[in-house]
Amino acid sequence: MEYVVAAVILLVVLVVGAVGLVVPRMRRRELPPPPAPGSTTTLERPPAAPTVPPVEEEIPPLIEPPAPVVAEEQPAPVVLEEPVLEKPEPSVGRLVRLRARLARSQTALGRGLLSVLSRDHLEDDDWDEIEESLITADVGVEATQVIVERLRERVRILGTRSVSEVRDQLAEELVAALEPEMDRSLRTAPHDGRPAVVLVVGVNGAGKTTTCGKIGRVLIADGRTVLFGAADTFRAAAADQIQTWGERVGAETVRGPEGGDPASVAFDAVKRGIDTSVDTVLIDTAGRLQNKVGLMDELGKVKRVVEKHGPVDETLLVLDATTGQNGLEQARVFTEVVDVTGVVLTKLDGTAKGGIVIAVQRKLGIPVKLVGLGEGPDDLAPFEPVAFVEALLGGDA
Ligand SMILES: Nc1nc2c(ncn2[C@@H]2O[C@H](COP(=O)(O)OP(=O)(O)OP(=O)(O)O)[C@@H](O)[C@H]2O)c(=O)[nH]1
Ligand SMILES: [Mg+2]
């Protein structure tokens, strides 16, 4: 009996023990599988889990574009190898072709003057009016007095009255005031086994870089070879600007580091021009105000350093025609620092003050050699007094 009781107790203990071991295992096993995909995850990160996968699928194609890198590497050499060079317009007769650009000056000077001059009897008031329109057109007080004096004298002596006669006399006086005997040729031909060197100077924004580029095109159109020196080292963009002009016509540009010494860039450019036997080296310089002594000294140094290779053939002062008489004082200081051999008057297309050409030459004693008549690459013309006056007076050239 005791054995039976002991066996029953042992059995009960075994059964209870077995149940205690098995049930928790079953629970553990049961809990994870069913709720795993559903309830537990949903509670902890319900919004993240369902939204992340779709967002991830949409963003990668937009943000991570490995494709362009591959694409850039592949076509680059092919595309860059084929620059299409432009063919600039020939320089001959440009002033005549571009004369319509002087329309504003023509209205102010030509038509205004002719309407007064065609009056039957010219009284003092009429002559005052003539004087006024010349001064308004920036001819300058001194030159105006000379022109009016001479015209008055001729009208009195010759007794001319017909509009065409008066017009012709006015034209003659304006041409005379433009000193047609001045040498306006640009010294751009190579000599002594080295290229001609042209230095382009002026105040900020006058149009130096544009003019450099345009002159390069004129020379290339005339069959010359050209090299640009980017001696405006203040801004990298300045060197890019002249280089772009060069690339359009297949001309090399020598440039230096941003903020580097402009004189050394100019020196290197001329050296490169000598080594590659180009006909003309055109050196673009940074704009500078004539009252900044340090900058004006720097310009003097650029010229002196370039001259270690030989004399500079042309130093062109670029003047913005729209600045009128103010430009004359700037010009005077420049002529003292570098020996200016010619003036380029830019932006004559945007002003009624075409008379500034007369004032500039008279004040400086330096010939206007080129005129800028627009922003287009070929809107630069050699200055010719007769054609210019004809354009101003609106007659046939
Ligand atoms: N309408 C007109 N615009 C011109 C002429 N020449 C130059 N310009 C414009 O004037 C602006 C200044 O020209 P740039 O050649 O950059 O002048 P810059 O003297 O080199 O200027 P900096 O180097 O900053 O001193 C540009 O927008 C040119 O297109 C011109 O004859 N007529
Ligand atoms: Mg410039």
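The legends below describe four close-up views of a predicted model.

**View 1. Asp379 and its surroundings.**
Asp379 sits in the loop that joins strand S7 (368-372) to strand S8 (380-382). Its relative accessible area is 11%, so Asp379 is buried, the cut-off being under 20%. The side chain of Asp379 makes a polar contact with the side chain of Arg101, at 3.0 Å. Arg101 is also one of the residues in contact with Asp379 when neighbours within four places in sequence are left aside. The others are Leu98, Lys214, Val371, Gly372, Leu373 and Gly374. Thr211 is 168 residues away from Asp379 in sequence, while the two C-alpha atoms are 9.4 Å apart in space.

**View 2. Ligand 1 and the residues around it.**
Ligand 1 takes up the space of the largest pocket. It is surrounded by 19 residues, of which the closest are Lys208, Thr209, Thr210, Asp349 and Glu375. Helix H11 (residues 208-221) gives the largest share of this shell, with four residues. Polar backbone atoms of the protein also lie beside the ligand. In Gly207, such an atom is 2.8 Å from an oxygen atom of ligand 1. In Leu373, a backbone N or O atom lies 3.5 Å from an oxygen atom of ligand 1. In Gly374, a backbone N or O atom lies 3.3 Å from a nitrogen atom of ligand 1. Taken alone, ligand 1 exposes 660 Å², and the protein buries 78% of that area. Leu373 and Gly374 appear in View 1 as well, where both are in contact with Asp379.

**View 3. Lys303 in helix H14.**
Lys303 belongs to helix H14, which covers residues 293-306. Is Lys303 buried or exposed? Its relative accessibility is 13%, and the cut-off for buried is under 20%, so Lys303 counts as buried. Leaving aside neighbours within four places in sequence, Lys303 is in contact with Leu199, Val312, Thr315, Val338 and Asp339.

**View 4. Helix H17 and what covers it.**
Helix H17 (residues 385-393) is mostly covered, as eight of its nine residues are buried. The buried residues are Pro385, Ala387, Phe388, Val389, Glu390, Ala391, Leu392 and Leu393. Several other helices help to cover these residues, including H6 (94-97), H7 (103-117), H10 (163-177) and H16 (356-364). Just after H17 comes Gly394, which takes a positive phi of about 70°.

Terms used. Residues are numbered from 1 along each chain as its sequence is written. Chains are lettered from A and ligands numbered from 1 in the order in which they are written. This is a predicted model: local features need pLDDT of at least 70, side-chain atom pairs count only at pLDDT 80 or more; totals for chains, interfaces and linings use all residues. Side-chain values use heavy atoms; hydrogens and water are left out. Helices (H or I, at least four residues) and strands (E, at least two) are DSSP runs, numbered from the N terminus. Buried means under 20% relative accessible area, exposed over 50%, partly exposed in between (1.4 Å probe, protein chains only). Contact means heavy atoms within 4.5 Å. A polar contact is a pair of N or O atoms within 3.5 Å; within protein, one must be able to donate a hydrogen and the other to accept it, and residues adjacent in sequence count only if both atoms are side-chain atoms. A residue is near a molecule or strand if one of its heavy atoms lies within 4 Å of it. Accessible areas come from the Shrake-Rupley method with a 1.4 Å probe; for residues, only the protein chains shown count as cover. On a 1 Å grid over the protein atoms alone, a cavity is a set of points where a 1.4 Å probe fits but cannot get out, and a pocket is an open set with protein on both sides within 12 Å along at least five of seven lines; lining residues have an atom within 4 Å of a point. A molecule sits in a cavity or pocket if more than half of its atoms lie within 2 Å of its grid points.
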